Amino acid sequence: MQLNLPNPHAAACRYPLLPPRSSQRFAYAAQSPVLRGEQVRIDDGRELHLRPIAASDVAAMQRCFTRLSPEVIRRRFLHPMSVLPDSMAQRLCRIDPELESAYVLMDESVSPAEMRGVGRIYVDKATDSAEFSVLVEQDWTHHGLGAFLMQRLVDDCLRRNLGELWGYVLMENRPMLNLCRELGFRQRLIPDEPGTELISLQL
Ligand SMILES: CC(C)(COP(=O)(O)OP(=O)(O)OC[C@H]1O[C@@H](n2cnc3c(N)ncnc32)[C@H](O)[C@@H]1OP(=O)(O)O)[C@@H](O)C(=O)NCCC(=O)NCCS
């Protein structure tokens, strides 16, 4: 699928990069095709390929990690990390499809292809919910890709018939909190985790 939006906030195509603000938000998710891969073009003309993560993505994930700032790493993992251990990269790329989904935005304009974004969910069957995480590499932010990945995660949760999508976000992480607010998530403080908010969307 080709997305070509002159403005990342203009919802002008079948699958807009940013979601509608109305109560129809997420209404089309149930009709979304099963995700096999889609081409995404952002407002400046650059293109990425969205596809499910693969075990062979370990090297690309490790290269991506080395390009992230300490602040971005802390916002994604909620604590500082100087390296992404091999075992962790392998674990993040070899998912259990029964309990996890992970989608990567791959930049195929370079060789080898580079990972520019990742969105994932972990399903908690006991609570009929899933925890999300999302990351967009800094050179690619503010083009609607974070919202696009979140939308795909919501679609996935709806296909799995889950009742809630939730995640932890640092209070200082204004871009993510703003994005979640735009997407209709609620946020609340966690008493025993100062500085962190619990963000959730009822599906
Ligand atoms: C948070 C993060 C994923 C955002 O990625 P992004 O690609 O910049 O996100 P988007 O462009 O879709 O949305 C962000 C912006 O769009 C705005 N936006 C989102 N939906 C919108 C809508 N429907 N209408 C208008 N504005 C909207 C947001 O308020 C935000 O504004 P800004 O660009 O002026 O800051 C990225 O910064 C990142 O990876 N951060 C580090 C990791 C992290 O914090 N992860 C979250 C915790 S797991």
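Does His-142 count as buried or exposed, and at what relative accessibility? Keep that one in mind while you read; the reply comes in point 5.

1. **The overall picture.** A quick caution to start: what you're looking at is a predicted model. The protein has 5 helices and 8 strands. If you walk along the sequence, they come in the pattern β-β-α-α-α-β-β-β-α-β-α-β-β. There are 203 residues in the protein, and buried ones make up 48% of them. Take the contacts between residues at least 6 apart in sequence: 61% of those join residues at least 24 apart. As for the outside, the protein exposes about 10,200 Å², with carbon and sulfur atoms supplying 52% of that area.

2. **Helix 2 and its hidden side.** Let's look at how a helix sits in the fold. The buried residues of helix 2 include Val-72, Ile-73, Arg-76 and Phe-77. Around the axis they cover an arc of only 110 degrees, which puts them on the same side of helix 2. Here is the rule of thumb behind that kind of pattern: an α-helix has 3.6 residues a turn, so residues three or four places apart point the same way. What lies over this buried side? The cover includes helix 1, helix 3, strand 4 and strand 5. Just after helix 2 comes Leu-78, and its phi is positive, near 70 degrees.

3. **Helix 3 does something you can check too.** Helix 3 runs over residues 86–93, and Ala-89, Leu-92 and Cys-93 are buried there. Looking down the axis of helix 3, you'd find its buried residues within an arc of 95 degrees, so they line one face of the helix. Those buried residues pack against helix 1 (58–67), helix 2 (70–77) and strand 4 (114–124).

4. **Ala-60 and a cis peptide bond.** Which helix holds Ala-60? Ala-60 lies in helix 1, and it counts as buried because its relative accessibility is 7%, under the 20% cut-off. Leaving out residues up to four places away in sequence, Ala-60 touches Met-106, Ala-113 and Met-115. Now try Pro-112: it is 52 residues from Ala-60 along the chain, yet their C-alpha atoms are separated by 8.1 Å. Pro-112 is found in the loop between strand 3 (100–107) and strand 4. The peptide bond from Ser-111 to Pro-112 is worth a look as well, since it is cis, with omega near 0 degrees.

5. **Two loop residues with positive phi.** Back to the opening question. At 70% relative accessibility, His-142 counts as exposed, because the cut-off for exposed is over 50%. You'll find His-142 in the loop between strand 5 and helix 4. Its phi is positive, about 65 degrees, although it is not a glycine. Asp-128 is not a glycine either, and has a positive phi of about 60 degrees. Asp-128 is found in the loop between strand 4 and strand 5. With a relative accessible area of 40%, Asp-128 is partly exposed.

6. **The ligand's surroundings.** How many residues surround the ligand? There are 23, and the closest are Val-136, His-142, Gly-144, Ala-147 and Asn-173. So His-142 turns up again here, among the closest residues to the ligand. By class, the shell has 10 nonpolar, 9 polar and 4 charged residues. Helix 2, strand 5 (129–136), helix 4 (145–159) and helix 5 (174–182) each supply at least two residues of that shell.

7. **Polar contacts to the ligand.** A polar side-chain atom of His-142 is 2.5 Å from an oxygen atom of the ligand. The backbone joins in: a polar backbone atom of Gly-146 is 2.9 Å from a ligand oxygen atom, and one of His-143 is 3.4 Å from a ligand oxygen atom. On its own the ligand has 960 Å² of accessible area, and the protein covers 87% of it.

8. **A buried arginine.** Last stop: Arg-116, found in strand 4. Is this charged residue buried or exposed? At 11% relative accessibility, Arg-116 counts as buried. Not counting residues up to four places away in sequence, Arg-116 touches a list of residues that includes Arg-67, Asp-107, Glu-137 and Trp-140. Val-136 is also one of the residues Arg-116 touches, and Val-136 is among the closest residues to the ligand.

Notes
Residues numbered from 1 in each chain as written. Predicted model: local features only at pLDDT ≥ 70, side-chain atom pairs only at ≥ 80, totals over all residues. Heavy atoms only, no water. Helix = DSSP H or I, 4+ residues; strand = E, 2+ residues; numbered from the N terminus. Buried < 20%, exposed > 50% of the residue type's maximum accessible area, 1.4 Å probe, protein only. Contact = heavy atoms within 4.5 Å. Areas by Shrake-Rupley, 256 points an atom, 1.4 Å probe, with all protein chains shown as cover. Arc of directions from axis to C-beta. Near = heavy atom within 4 Å. Polar contact = N/O pair within 3.5 Å; in protein donor to acceptor, adjacent residues only side chain to side chain. Nonpolar A, V, L, I, M, F, W, Y, C, P; charged D, E, K, R; others polar.
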